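Let's take a walk through this one together. Keep the viewer open and follow along as we go.

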Amino acid sequence: NTMKKYFLLLAILILGSAATELYAQTRVGYINPQQVLRALPETEAVERRLSDLVQQKQNEFSQREESFLSKVRQVQEQIQAQLISEQELQRQQRLLEEEQEELYALLDSHQVEIRRRQQELLQPILRSIDEAIDAVAVELNLDYVLNESTNEGEMILLFVSSDSRSSLNITDRVIQKLK
């Protein structure tokens, strides 16, 4: 997915530069969305809410995990004291395996819930950023606005001349538009 996005943007850059040579009026800007997100006070509020949710889910998981580990210790103690039959040991192992699977499932569901909540909370902010990018692009009469890097932080714009950097980077203008 990231590679597709990278190649798509690379193709746009190549087409953009080819068009620039042909027509010389194609106007391209670029932005660092992470920098814009960090500049917004709403992002901090979202991070606090997500942090609270993560803490709540970690506490919930820790309690279940501690209960599970306590049962494991009890079975180990029974084994060491030779107070458990082979049949009961097998039954306890099955129960512990089931509980361990439930713990893994709980962890997965927590991760899914946290990601869903993150998307839910960020959606209005990202919509505002998109609208601000559109507004700045219209003001500057830009044909394209590129993302400076991928979601993983890999740079898409591998070189921008110092002259172009000040005129093509619209990050600060978008931040101002959002204030």
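What follows goes from a pair of helices to the cores and then to two individual residues. Keep in mind that this is a predicted model.

Start with helix H3, which spans residues 41–80. H3 has 40 residues and runs 57 Å from its first C-alpha to its last, close to the 58 Å expected at 1.5 Å a residue. Just after H3 comes Gln82, and its phi is positive, near 55°.

Now bring in H4, residues 86–139. Two packed helices are described by the angle between their axes and the distance between the axes. For H3 and H4, the angle is about 180° and the axes sit 10 Å apart. Angles over 145 degrees count as roughly antiparallel, so that is what H3 is with respect to H4. If you sort the residues in this contact by class, you get 18 nonpolar, 6 polar and 11 charged.

Which residues of H3 are buried? They are Thr43, Val46, Leu50, Leu53, Lys57, Phe61, Phe68 and Val75. Note that the list includes Lys57 and Thr43 along with residues such as Leu50 and Phe61. The buried residues of H3 pack against H2 and H4.

That brings us to the cores. The largest nonpolar core has 19 residues, and those with the most contacts inside it are Ile31, Val36, Val46, Ile125, Ile129, Ile170 and Val174. Helices H2, H3, H4 and H6 each give two or more residues to this core, and H4 gives the most, with 8. Click on Val174 to see how some of this comes together: leaving out residues up to four places away in sequence, Val174 touches Ile31, Val36, Ile129, Ala132, Ile133 and Val136. There is also a second, separate core of 8 residues, with Phe61, Phe68, Val75 and Leu89 among them.

Finally, look at where H2 and H6 meet up, using one residue from each. Thr171 is in helix H6. Is Thr171 buried or exposed? Its relative accessibility is 1%, so Thr171 counts as buried. Setting aside neighbours within four places in sequence, Thr171 is in contact with Tyr30, Ile31, Asn32, Gln35 and Val36.

Gln35, one of those partners, belongs to helix H2. At 32% relative accessibility, Gln35 counts as partly exposed, because that class lies between the 20% and 50% cut-offs. Beyond four places in sequence, Gln35 contacts Thr171, Asp172 and Ile175. Gln35 and Ile175 are 140 residues apart along the chain, yet their C-alpha atoms are separated by 8.7 Å.

Key
Residues are numbered from 1 along each chain as its sequence is written. This is a predicted model: local features need pLDDT of at least 70, side-chain atom pairs count only at pLDDT 80 or more; totals for chains, interfaces and linings use all residues. Side-chain values use heavy atoms; hydrogens and water are left out. A nonpolar core is a set of buried Ala, Val, Leu, Ile, Met, Phe, Trp, Tyr and Cys residues joined through side-chain atoms within 4.5 Å. Buried means under 20% relative accessible area, exposed over 50%, partly exposed in between (1.4 Å probe, protein chains only). Helices (H or I, at least four residues) and strands (E, at least two) are DSSP runs, numbered from the N terminus. Contact means heavy atoms within 4.5 Å. Axes are lines fitted to C-alpha atoms, for helices over the stretch in contact, and angles run from 0 to 180 degrees between N-to-C directions. Angles under 35 degrees count as roughly parallel, over 145 as roughly antiparallel, 65 to 115 as roughly perpendicular and the rest as oblique. Ala, Val, Leu, Ile, Met, Phe, Trp, Tyr, Cys and Pro count as nonpolar, Asp, Glu, Lys and Arg as charged, and the others, Gly among them, as polar. The expected span of a helix is 1.5 Å times one less than its number of residues.
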